[in-house]
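Student: I should like to learn how to read the features of a protein model. Could we go through them one at a time?

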Amino acid sequence: MKTVRLTMAQALLRFLDEQYVSMDGVEMKFVKGVMGIFGHGNVTGLGEALERSAGSLAFIQGKNEQGMVHAAAAFAKQKGRRQIYACTSSIGPGALNMVTAAATATVNRIPVLLLPGDNFACRQPDPVLQQLEVQADYTVSAVDAFRPVSRYFDRIVRPEQLISAAIQAMRVLTDPADTGAVTLALPQDVQAEAYDYPASFFEKRVHVIDRRPPSRESVQRAAALLAGKKRPLIIAGGGVHYADAARQLAGFAEAFGIPVAETQAGKSALPWNHPLNMGAIGVTGSLAANRLAQEADVIIGIGTRYSDFTTSSKSAFGDDVQFVNLNVSGFDSAKLNGLQLTADAREGLAALQEELSANQYRTGYGEAEIRERKAEWDREVDRLYALEHADGLAQTRALGVINETLLPSDVVVCAAGSLPGDLHRLWRSSEPRTYHMEYGFSCMGYEISGTFGAALAEPDRGVYAVVGDGSYLMLHSELVTSLQERRKITVLLFDNHGFQCIHNLQRGHGSDGFGNEFRYRDAGTGRLDGGFMPIDFAAHAQSMGAMAYKASTAEELREALLQAREETVTTLIEIKVVPGTNTPGYESWWRVEVPEVSESDKVNASRREMAEQIRKARVL
């Protein structure tokens, strides 16, 4: 048997450089490169291998371990999960910084490969710098924190273990039903150890992503259930995008006149002005979609995992509604006690459309009803986009200006705060995959990093971070990486003086508002209720090398957007908006637990309201 003598780190890179995926006959290199921050645990192992033995793998220097994994996840999401970056860190704090982003990827079903350094396998120098000593179990290290947030975890304690571990890692990363974060813990001494690897381990591997067809029986069962239903509603989730099924979704909906509502991950699957697109569903949903959900006799869920925001904490639907769940993952297709149609979204839609057409299925909707529901919501969006506020620029007005000024092909990225709700309800997407929302984990700090990752994936499109001041302060480090890589992003920073989304949530459940605004501590009261802190975000961005503008009126914002489009480097627009000018709820509910005992009458009243909503909500 022919062998090649390499260190484990060198072998890992050579293996990764030869991994490809194929879908629908289109082949693509799977691992684009490696993002990393070097330190104790990886610099002289994987770091040295990247320096001298990276092959065609690109290297990108991260500035924060969490941020670089967010960037890698966003890249993979924007690439339809068909290309990834691996991420490497030192042991201890460097590794643990990646855990939050690993969870974000896993919750969102996005493939990322994590290669954290780990303790010495030989234990000769124990305890080393940054080593976590667990006295009851010395095999535990800080890297074990990745276990619950990874779809696959392995620790390579001998160089030859890489062979089986790497193949298993690729299996999970390329599986549309099982993908997420994959962690290979790499003890730093093992990274540098050599082994005679079989040459066949480094041959080109093409991982075929097969479109999983539904079984004939499951299609027939779904069609039989739908046969007697007159008010179906489609909920389009992220699986529509990952299956490239936007065209099939439109054809299916049009064939039977079924209205479509979109989750955060599914938004932009249909153009906003498609006559059957009722907009967002759930807690952050439109009035049209939420009312249709209440009246529906069957929900056809396509590629959705039915999060509590999608289902309004299981209160969005009527008591007698049934579910047909088309999902590539059996785990998700089994939710809400639904009829399981476990298959690729594109294949499943085609098969179900054929069966329903053969059965001459028709809904009970009239064209006028659907048209009027959509027109009513369109008028509401127009109203909010034009809304003027006496104290300054309303958040919904600012979004209207941005939506009207950006190009249809531009990509907007968001994750946390009040902006995801406003974008989900109001943003008018015209093309698929132009709406990039991380709302599985709603991870503050994803926005800047995710926008950089999306820009890596979409070099020919404008890519915009829509971010609040709270998320920006939490994690903005990959803005510097975008400058370093000469990959322009545009940051639209909404300054409303704090964590106003949670401030609103507090006040909506009996609180007077506590600890969520960026105010000085008042010398007299000792509380954080002094004046707002005047933070100059534009100056901060400029200090790192970005271009920056400020806007406090609709006219200034429109002009800044046009100027930013002409810039060739990363640009930030600081947008002053009036706190509390986000959208309200539209006949939706989200369960937030309210104290059972309180001295506040407002809190007690909120508790009673919560109990009544729980009584109405589904359990199963």
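Tutor: Let us begin with the largest pocket, bearing in mind that this is a predicted model. The largest pocket has 41 lining residues, and those nearest its centre are Gly417, Ser418, Cys501, Leu505 and Asn582.

Student: Which elements give two or more residues to the lining of the largest pocket?

Tutor: These are H17, helix H19 (469-474) and helix H21 (500-507). H21 gives the most, with five residues. The space in the largest pocket comes to about 870 Å³, and its lining divides by class into 16 nonpolar, 21 polar and four charged residues.

Student: Gln500 lies in helix H21. Is Gln500 buried or exposed?

Tutor: A residue is called buried when its relative accessible area is under 20%. Gln500 has 3% relative accessibility, and therefore counts as buried. Residues up to four places away in sequence aside, Gln500 touches Asn516, Glu517 and Pro579.

Student: Cys501 lines the largest pocket as well. How should I judge whether a cysteine is in a disulfide?

Tutor: One looks at the distance between sulfur atoms, since a disulfide requires a pair of cysteine sulfurs within 2.5 Å. By this rule the count is zero disulfides. Cys443, for instance, is in no disulfide, as its nearest cysteine sulfur, that of Cys414, is 12 Å away. With 7% relative accessibility, Cys443 counts as buried. Cys501 is likewise in no disulfide; here the nearest cysteine sulfur, again that of Cys414, is 10 Å away. Cys501 is partly exposed, at a relative accessible area of 29%.

Student: How many cavities of 30 Å³ or more does a search of the whole structure find?

Tutor: A cavity differs from a pocket in that the probe fits inside but cannot get out. The search finds four cavities of 30 Å³ or more. The largest cavity has a volume of about 680 Å³. Its lining consists of 46 residues, with Asn108, Gly238, Gly239, Tyr242 and Gly303 nearest the centre. Two or more lining residues come from each of helix H9 (238-242), helix H12 (308-311) and strand E16 (322-327). H9 gives the most, with three residues. By class, this lining has 18 nonpolar, 17 polar and eleven charged residues.

Student: What is the volume of the second largest cavity, and which residues are closest to its centre?

Tutor: The second largest cavity has a volume of about 160 Å³. It is lined by 20 residues, and Lys267, Trp272, Gly279, Arg425 and Trp427 are the closest to its centre. At least two lining residues are supplied by each of strand E14 (277-280), helix H15 (367-385) and helix H17 (419-426). The classes here are nine nonpolar, five polar and six charged.

Student: Which residues have the most contacts inside the largest nonpolar core?

Tutor: A nonpolar core is read as a network of buried side chains joined to one another. The largest one has 89 residues, and Leu249, Phe494, Leu557, Ile573 and Ile575 have the most contacts inside it. Leu557, neighbours within four places in sequence aside, is in contact with Leu393, Ala398, Val401, Ile402, Ala551, Ile573 and Ile575. There is also a second, separate core of 72 residues, which includes Met35, Ala73, Cys87 and Ile110.

Student: Where does Val413 lie, and is Val413 buried or exposed?

Tutor: Val413 lies in strand E18 (residues 411-414). Its relative accessibility is 0%, so Val413 counts as buried. Beyond its neighbours within four places in sequence, Val413 is in contact with ten residues listed by name: His436, Tyr446, Glu447, Gly450, Thr451, Ala454, Val463, Tyr464, Ala465 and Val466.

Student: How should I read the backbone angles?

Tutor: Most residues other than glycine have a negative phi, and most peptide bonds are trans, so departures deserve a look. Ser268 is not a glycine, yet has a positive phi of about 85°. Ser268 is found in the loop between strand E13 (260-262) and E14 and is buried, with a relative accessible area of 2%. Arg433, also not a glycine, has a positive phi of about 60°. Arg433 is placed in the loop between H17 and strand E19 (435-437), and at 21% relative accessibility counts as partly exposed.

Student: Which peptide bond is cis?

Tutor: The bond from Asp126 to Pro127 is cis, with omega near -10°. Pro127 is found in the loop between strand E7 (112-118) and strand E8 (152-155).

Technical notes. Residues numbered from 1 in each chain as written. Predicted model: local features only at pLDDT ≥ 70, side-chain atom pairs only at ≥ 80, totals over all residues. Heavy atoms only, no water. Core = buried A, V, L, I, M, F, W, Y, C linked by side-chain atoms within 4.5 Å. Buried < 20%, exposed > 50% of the residue type's maximum accessible area, 1.4 Å probe, protein only. Contact = heavy atoms within 4.5 Å. 1 Å grid on protein atoms, 1.4 Å probe; cavity = no way out; pocket = protein on both sides within 12 Å on 5 of 7 lines; lining within 4 Å. Points joined across faces, edges and corners; volume = space filled by probe spheres on them. Helix = DSSP H or I, 4+ residues; strand = E, 2+ residues; numbered from the N terminus. Nonpolar A, V, L, I, M, F, W, Y, C, P; charged D, E, K, R; others polar.
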